[in-house]
Amino acid sequence: MKWMVITALVLSSASLVISALAANTVLGGRSANYGSASVNMPQFIAPSKAVTTEAEPKTAPSAASQPALDNSANAPAAKPAEAKAQKVIYLTFDDGPGKYTEQIVNILNKKGIHATFFMIGNQLKGNEQAIITALDAGNYVGMHSMSHDKKKLYKTGNSDAFLKEFKQEQSLLEKITGVTPWLIRAPYGSKPEIDADFYDDIAADNFKMWDWTVDSKDWNYPGKPERIVQEIKRQVHRDVEVILMHEKAQTVQALPQIIEWLEKKGYAFAVYKPEQHFPVNFGKDERL
Ligand SMILES: [Zn+2]
């Protein structure tokens, strides 16, 4: 089924409640002056409830006192403990694990932030340590199918092969990490291959599915990290953005600059948390 091209959608509200626990959170005092980034954008459903701060179970011993948002290295000592709007970035990395996974995790660690990974099932074997390292550092490891093969996943038009691959990957990741992931990212995005019945089946199997709001097009810029930075600068303007990137050499090169620019724009960084799930899918399906 063909879907209409969705044009830019303005987020209604994506304010995050920063509780008293978040006293040491960066609250992004700098004001941002955005250019007019007018691009065709996926549907993005803003969090229906305010995302509340919550302890990070997998990070520091002081996790109980940490907010869900990551602190940047230059966090101010204290901020008034009141509800404030906070612009938030979810960095996402597809197509790992592989030789760049640990480099990406190292950069995130240096910046004191976390990201969400969507890994390919057929690449898990041999990369177990990189997966565990990413998870232990506080990142989320989601699923990106076993094969990443467009023909295998979408050829029939029904969800059978697709769901089979994600269930297989879920069980593999569970064995490796002890954690059962439910968040998937459909290879090539959920449109146009995935139709309404397909969405129903994904929801029926209890998966959650994230597309993205910003496509860095990083795969298209080998040797040109500055183009990736430009692409992100051009597209980022919402209060909450989910940025699609890939585990590529040029992405590793661009990443520090991307993070620094986003920080300057007043964004905090967040990692996917199942208990704070909100829909980000091109079909605007609230079940996913
Ligand atoms: Zn992919």
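## Two helices side by side

Let's start with a pair of helices. Helix α1 covers residues 101-111 and helix α7 covers residues 249-264; their axes come within 10 Å and cross at roughly 20 degrees. Angles under 35 degrees count as roughly parallel, and α1 and α7 are therefore roughly parallel to each other. As for handedness, α1 and α7 make a right-handed crossing.

Which residues of α1 meet α7? On the α1 side they are Q103, I104, I107 and K111, and their partners in α7 are V252, L255, P256 and I259. Sorted by character, the residues in this contact come out as six nonpolar, one polar and one charged.

## The model as a whole

Keep in mind that this is a predicted model. Across the protein the mean pLDDT is 80, with 71% of the residues at 70 or more. Residues 1-68 are another story: pLDDT stays under 50 there, and the model gives that stretch 127 contacts beyond four places in sequence. Residues 71-78 also have pLDDT below 50, with 15 contacts in the model beyond near neighbours in sequence.

Now for the overall make-up. The protein has seven helices and eight strands. It runs to 288 residues, and 44% of them count as buried. Among contacts with a separation of 6 or more, 81% are between residues 24 or more positions apart.

## The loop between β4 and α5

The loop between β4 (183-184) and α5 (196-204) is a good place to stop and look around, and K191 lies in it. Is K191 buried or exposed? The cut-off for buried is 20 or more other C-beta atoms within 10 Å, and K191 has 20 C-beta neighbours inside that distance, so K191 counts as buried. K191 also has a partner from far along the chain: F282 is 91 residues away in sequence, yet the two C-alpha atoms are 6.5 Å apart in space.

Next comes P192, found in the loop between β4 and α5 as well. The peptide bond from K191 to P192 is cis, with omega near 5 degrees.

Y188 lies in this loop too. Although Y188 is not a glycine, its phi is positive, at about 70 degrees. How does Y188 fare for exposure? Y188 has 13 other C-beta atoms within 10 Å, so it is partly exposed.

## Other backbone spots to look at

Some background helps here. Most residues other than glycine have a negative phi, and most peptide bonds are trans. With that in mind, here are two more places to visit.

Go to the loop between β1 (87-96) and α1, where P97 lies. What is the peptide bond from G96 to P97, cis or trans? That bond is cis, and its omega is near 0 degrees.

Then head for the loop between α5 and β5 (208-209), which is the place of N206. N206 is a residue other than glycine, and its phi is positive, near 70 degrees. With 8 C-beta neighbours inside 10 Å, N206 counts as exposed, whereas Y188, with 13 such atoms, is partly exposed.

Note on methods
Residues are numbered from 1 along each chain as its sequence is written. This is a predicted model: local features need pLDDT of at least 70, side-chain atom pairs count only at pLDDT 80 or more; totals for chains, interfaces and linings use all residues. pLDDT is the predictor's confidence in each residue, from 0 to 100. Two residues are in contact if their C-beta atoms, placed from the backbone, lie within 7 Å. Axes are lines fitted to C-alpha atoms, for helices over the stretch in contact, and angles run from 0 to 180 degrees between N-to-C directions. Helices (H or I, at least four residues) and strands (E, at least two) are DSSP runs, numbered from the N terminus. Angles under 35 degrees count as roughly parallel, over 145 as roughly antiparallel, 65 to 115 as roughly perpendicular and the rest as oblique. A crossing is left-handed if the near helix is turned anticlockwise from the far one by less than a right angle, and right-handed if clockwise. Ala, Val, Leu, Ile, Met, Phe, Trp, Tyr, Cys and Pro count as nonpolar, Asp, Glu, Lys and Arg as charged, and the others, Gly among them, as polar. A residue is buried if 20 or more other C-beta atoms lie within 10 Å of its own, exposed if 12 or fewer, and partly exposed in between; C-beta atoms are placed from the backbone.
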